[in-house]
Number of protein chains: 2
Amino acid sequence: METQLSHNDITHKTVVLSGGVGAARFLAGLNQIVDPTSICAIINTGDDIEFHGLVISPDIDIVMCTLAGIIHPGQGWGIIDDSDHCMSMLRTLGAPDWFMLGDKDLALHIQRTALRKQGLNETQITDRFRRAFGVNVTLLPMTHDSVQTHINTPAGEVHFQEYLVRDRAKSQITGIHYHGITGAHATPDVLHSLRSATGIIIAPSNPLVSVGTILALPNVRQLIAQRHVPAIAISPIVGGAAIKGPAVAMLNYAGIEVSALGIARHYQGLIDGMVIDNVDAALAPAIEALGMAVCVTDTIMSDDMRKAHLARTCMEFMATLP
Amino acid sequence: METQLSHNDITHKTVVLSGGVGAARFLAGLNQIVDPTSICAIINTGDDIEFHGLVISPDIDIVMCTLAGIIHPGQGWGIIDDSDHCMSMLRTLGAPDWFMLGDKDLALHIQRTALRKQGLNETQITDRFRRAFGVNVTLLPMTHDSVQTHINTPAGEVHFQEYLVRDRAKSQITGIHYHGITGAHATPDVLHSLRSATGIIIAPSNPLVSVGTILALPNVRQLIAQRHVPAIAISPIVGGAAIKGPAVAMLNYAGIEVSALGIARHYQGLIDGMVIDNVDAALAPAIEALGMAVCVTDTIMSDDMRKAHLARTCMEFMATLP
């Protein structure tokens, strides 16, 4: 199968493995401090879900809308200054309403679904959308195959979005499954971008449900392991807590220590260096003992300056790695 | 094939053959002056079109939203106090934007498309929607098959909505086609409602593109011709002009005189009586000469009182017919 995008868009890039909010904020920092066309994000699609007959790709939309500068800044998802007129009418018509979709937001799902129906694949659609928004970072959905992250709970198996949004991440986790992963393939664009990467960064995203699905695709882990360029990860765990999302419960379920050290152990063999927060400085020696370099810095991306600072620190850190 | 709705909803009703705005206003009048559950509207679906992958049924929505009291009163289509946030984002994403869809309006198309995907047919979907809106008139889409009214113009063949909305009805008409009509069937509910009707009213809708498609479905014209109950039509032409829509150009193309008399001739053999406007009173003798009864009244439905008045006059007129 051919790559979908031009050679220029996927060759010799800083490749970022991305989930949703954390990755989006990191990429927004990178977008400020390097040439955006030198960045390529491989984005998790395991959280994708269909609502009202529309295909919804939360992580792609979060990354894209963040880079487009139209994300709701407080939430980190959804579009700024959006309204809910369509959703309230859908509610009147008896449609499920626990997954809030704003009016502007809906346009993405409507047009994505329409273009899929016309035969375009998600790589082509995402590329068309990001250009329409003036985003210069290349955005690559991890796969064109259906991969769906499901969570087992005492009440039964639910889609990740049902667990996270509908049930507010309150259910006990008794299993995590990437449905469809066995038959799924990373896209040719994803594999090409990894093969030709000038550096690989694992964004501060959920190691299990965001980065985990990307790494579970055939050849992705091997390509990263065989690279001749530096690879680093930014810990999504700061001071023993997750900045955003349900990572803590998931790490607990998976038996991964909820700390930057636990994350480092989880990525051991895959990366050369870990970026951890100042509050976790004491963990640096233990991480170094795993054979990794460590960079200690401020990883809380609460404003544009801090996003840029973290991105710059990561690029400088990568440059020091062999 | 079985009827979809309960026997009670489609038996012994005043059946109204309906297009869009004119029919909707007439039904709103009828809705005020008789038991709404005694009315059944058979609605044209030949204007249906797909946009952004969504199924849009303009006439069904116009009738339903008018009866629900949420129609945009000035336009006669679209929902009152709607916004265009989704549409403006669709425009950003490169989607065609000449067919305006408000945010609330979109919910109808999204949910209709989703329910079709789930296997419901348009009769079931329309019934679910009208109940959600508290509409007590039975609304029957004329067919479950795809019928598409196309207009031939010197520049080529276009969908009726392209002719009407995109090209603002400015093209010369060189042909009118109901694509798909040959293989299409009226629904069992439509046929049952006609067989058991207590009276049949042809609403003041476009005789060619609104009523014409309904009458072109197999058995519909025959069932009306063979009826043992009164049937009347309300002229959509008043003083030689159409109240709404592109009827004049279409009648001219079809060689039908643009007058209440021309409409009466067009429906000759199908109805017992014509309701015409006061301004057309002088045409009454010529219409009577065709063998029809004539009722002369105010047919301009500019407010609720006038809608009710016209509906009452029509019901009283029907009661005088043998």
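The following dialogue examines how two chains meet and how one sheet is built in a predicted model.

In this predicted model, local features need pLDDT of at least 70 and side-chain atom pairs count only at pLDDT 80 or more, while totals for chains, interfaces and linings use all residues. Residues are numbered from 1 along each chain as its sequence is written, and chains are lettered from A and ligands numbered from 1 in the order in which they are written.

Student: Which helix of chain A gives the most to the side that touches chain B?
Tutor: Two residues are in contact if their C-beta atoms, placed from the backbone, lie within 7 Å; 25 residues of chain A are in contact with 25 residues of chain B. Helices are DSSP runs of H or I with at least four residues, numbered from the N terminus. On chain A, α4 (85-92), α5 (103-117) and α6 (122-132) each supply at least two residues of this side. With nine residues, the one that gives the most is α5(A).

Student: Which residue of chain A comes closest to the rotation axis?
Tutor: Copies are superposed by least squares on the C-alpha atoms of residues with pLDDT of at least 70 in both. A rotation of 180° with 0.0 Å of shift along its axis superposes chain A on chain B, with RMSD 0.0 Å. The two copies are therefore related as by a two-fold rotation axis. At 3.1 Å (C-alpha), the residue of chain A closest to this axis is A:Asp103.

Student: Which strands of chain A stand at the edges of the open sheet?
Tutor: Strands are DSSP runs of E with at least two residues, and two strands pair if DSSP finds at least two bridges between them. The three strands have the order β7-β6-β8 in chain A, with antiparallel pairing. Each edge strand has a single partner strand, so one side of each is left without a neighbour in the sheet; these strands are β7 (156-159) and β8 (175-179) of chain A.
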